[in-house]
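Let's walk through this one together, one question at a time. Have a look at the sequence and the 3D view first.

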Amino acid sequence: MVQRETWATRTGFILAAVGSAVGLGNIWRFPFIAADGGGAAFLVVYLLFVAFIGFPAILVEFVVGRRTERNPVGALLELGGDVWKYVGGLFIVTGFVILSYYSVIAGWFIRYFLEGLRGSYVGRLAAYGEAGAMFGEVSTGLDALVLHTLFMAVTIGVVALGIRRGIEFATKAMVPSIVLLLVGLAVWASTLPNAGAGYEYYLSPDFGVILENWQELLPAAAGQAFFTLSLGMGVMITYASYLGEDRNLTRDAATIIGFDTGIAILTGLVVFPVITSAGIEPAAPGPNVIFISMTEAFANVTGGHLLGLVFFGTVVIAALSSAISLLEVVTAYVIDEKGVERWKAAIGMGGVVYLLGVPVTYDLVFLSLLDGFADGILLVFGALVLMLLVGWITPKFAVEELSKGIGDLGSIGQAWIWAIRVPIIIVLVVSLYLGVVEYVEFLTGDFTAWIEANL
Ligand code: PHE
């Protein structure tokens with residue numbers, strides 16, 4: 001067997017993990033899920049979820065990856081035995097599903113960037129009529145398909161080139177630029193008229209609303225937290241499997257979560273004031289909201305043309321580093337377990353993902369179909385079974401592995417295991433149940449209606 005690759009530099013791992021975490025989840029998904037969940041009400045539940053479940057969960061994936069030095073399927077097989085490889089198999093399926101629609105959405109951002117190159121956003125909006133019509137026209141159809149193709153081709157190319165040359169190099173440049181750009185945009189957004197209404201909706205929580213709506217807020221926060229942190233499908237297992245050294249994983253986890261959460265919060269600080277200042281209702285939810293509100297905004301402020309180009313361009317870069325991690329999981333599995341060459345694995349798996357995404361470019365109902373399934377069910381289920389494995393079946397190895405690079409954990413290791421064993425598992429079971437109920441409602445409601453209307 002060939003020597004397994006490891007990260008070329010100390011920061012390579014952090015950069016790649018942050019690059020995976022930060023993406024469309026922060027910029028496209030977070031604002032509309034937050035808007036849908038009542039803004040600040042969602043923000044509170046989401047932040048609690050990230051701190052008390054996301055943090056322990058990312059450590060679980062890290063120790064599993066570093067210990068086994070395998071892809072998720074091999075890792076679970078090694079730790080849990082035969083049955084567990086099917087759970088690993090589920091991770092691979094999740095990767096397929098998420099990347100398929102992820103690429104289409106990334107294609108939309110490419111499109112909005114290209115529109116900015118063709119002319120100012122004022123001009124482009126005028127050409128399409130208005131922002132909603134513009135989104136309607138560019139989000140599906142042949143153009144969307146072409147950009148989906150382009151995005152997948154680039155993703156496959158980077159993964160085919162391999163860990164060191166591809167991923168590490170790509171993320172090194174991306175992460176700092178994203179942070180800088182968002183800070184700049186947030187400062188600019190704060191100067192807009194009526195920005196206050198946006199901050200109000202986004203930042204001042206009503207705890208009555210939280211208590212009343214917990215059944216929707218909990219699964220939404222669970223799905224969003226795992227999605228944005230790239231948890232529940234083996235990305236962090238895979239990345240930690242390339243760690244050649246024993247480093248302090250808790251510190252790495254805190255860094256990654258800090259960047260990811262900070263960027264999501266920042267995105268909200270751009271989106272919500274921009275929306276209210278453009279006279280758009282902040283609760284108006286939907287996957288088109290970021291595009292509609294942003295084009296409106298970029299069309300209506302001085303310097304909006306340049307800001308728009310910067311914004312859409314940055315998101316494409318952020319999406320790429322996340323997409324790379326999704327394809328990496330699937331590819332690493334085929335390389336490790338089937339002995340296929342890297343470039344062949346990347347092209348083959350990427351090709352299948354690409355095909356799965358094609359229906360989304362035809363009708364957005366397929367976006368709900370895939371996103372609801374992956375986010376509301378697969379990721380939560382994946383995280384849950386990992387917690388069961390580490391919490392109940394192999395806790396000893398986990399504590400031992402976590403202590404490497406830190407020293408004696410004392411009672412913290414036990415606290416971590418017990419948090420996983422009972423409270424976290426209970427919350428995840430409830431979230432999963434609520435997520436399934438919601439998805440079944442979608443399948444029997446909106447989706448059935450769509451099928452009846454279209455077939
Ligand atoms: N975390 C990425 C984002 O926020 C998406 C992702 C999910 C990547 C799951 C890998 C695994 O955009």
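Q: Which residues are the closest to the ligand?
A: Quick heads-up: this is a predicted model, where local features need pLDDT of at least 70, side-chain atom pairs count only at pLDDT 80 or more, and totals for chains, interfaces and linings use all residues. Residues are numbered from 1 along each chain as its sequence is written. The ligand has 15 residues around it, where being near means a C-beta atom, placed from the backbone, within 6 Å of the molecule. The closest are G23, G25, T228, S230 and S322.

Q: Which helices each supply at least two residues of the shell around the ligand?
A: Helices here are DSSP runs (H or I, at least four residues), numbered from the N terminus. Each of these gives the shell at least two residues: α1 (10–21), α2 (24–36), α12 (214–228) and α16 (304–338).

Q: How many residues of that shell are nonpolar, polar and charged?
A: Ala, Val, Leu, Ile, Met, Phe, Trp, Tyr, Cys and Pro count as nonpolar, Asp, Glu, Lys and Arg as charged, and the others, Gly among them, as polar. Sorted that way, the shell around the ligand has seven nonpolar, eight polar and no charged.

Q: Is S230 buried or exposed?
A: S230 sits in the loop between α12 and α13 (235–241), and its phi is positive, near 60°, though it isn't a glycine. Buried means 20 or more other C-beta atoms within 10 Å of a residue's own, exposed means 12 or fewer, and partly exposed is in between, with C-beta atoms placed from the backbone. S230 has 30 other C-beta atoms within 10 Å, so it is buried.

Q: How are α2 and α12 oriented to each other?
A: Axes are lines fitted to C-alpha atoms, for helices over the stretch in contact, and angles run from 0 to 180 degrees between N-to-C directions. The α2 and α12 axes come within 10 Å and cross at roughly 170°. Angles under 35 degrees count as roughly parallel, over 145 as roughly antiparallel, 65 to 115 as roughly perpendicular and the rest as oblique. So α2 and α12 are roughly antiparallel.

Q: Which residues of α12 does α2 meet?
A: Two residues are in contact if their C-beta atoms, placed from the backbone, lie within 7 Å. From α2 come G25, N26, R29, F30 and I33, and they meet, in α12, A220, Q224, F227 and T228.

Q: What is the orientation of α6 to α15?
A: The axes of α6 (residues 121–128) and α15 come within 7 Å and cross at roughly 125°. That makes α6, relative to α15, oblique.

Q: Which residues of α15 meet Y121, V122 and L125 in α6?
A: The residues of this α6 and α15 contact divide into five nonpolar, one polar and no charged. Those three α6 residues meet T295, F298 and A299.

Q: Which residues does V289 touch, not counting those up to four places away in sequence?
A: V289 lies in helix α15 (residues 289–300) and is buried, with 21 other C-beta atoms within 10 Å. V289 and F32 are 257 residues apart in sequence, yet 6.5 Å apart in space, C-alpha to C-alpha. With that sequence filter, V289 touches P31, F32, A35 and A284.

Q: Is E69 buried or partly exposed?
A: E69 is in the loop between α3 (40–68) and α4 (72–80). Its phi is positive, about 50°, although E69 is not a glycine. With 17 other C-beta atoms within 10 Å, E69 is partly exposed.
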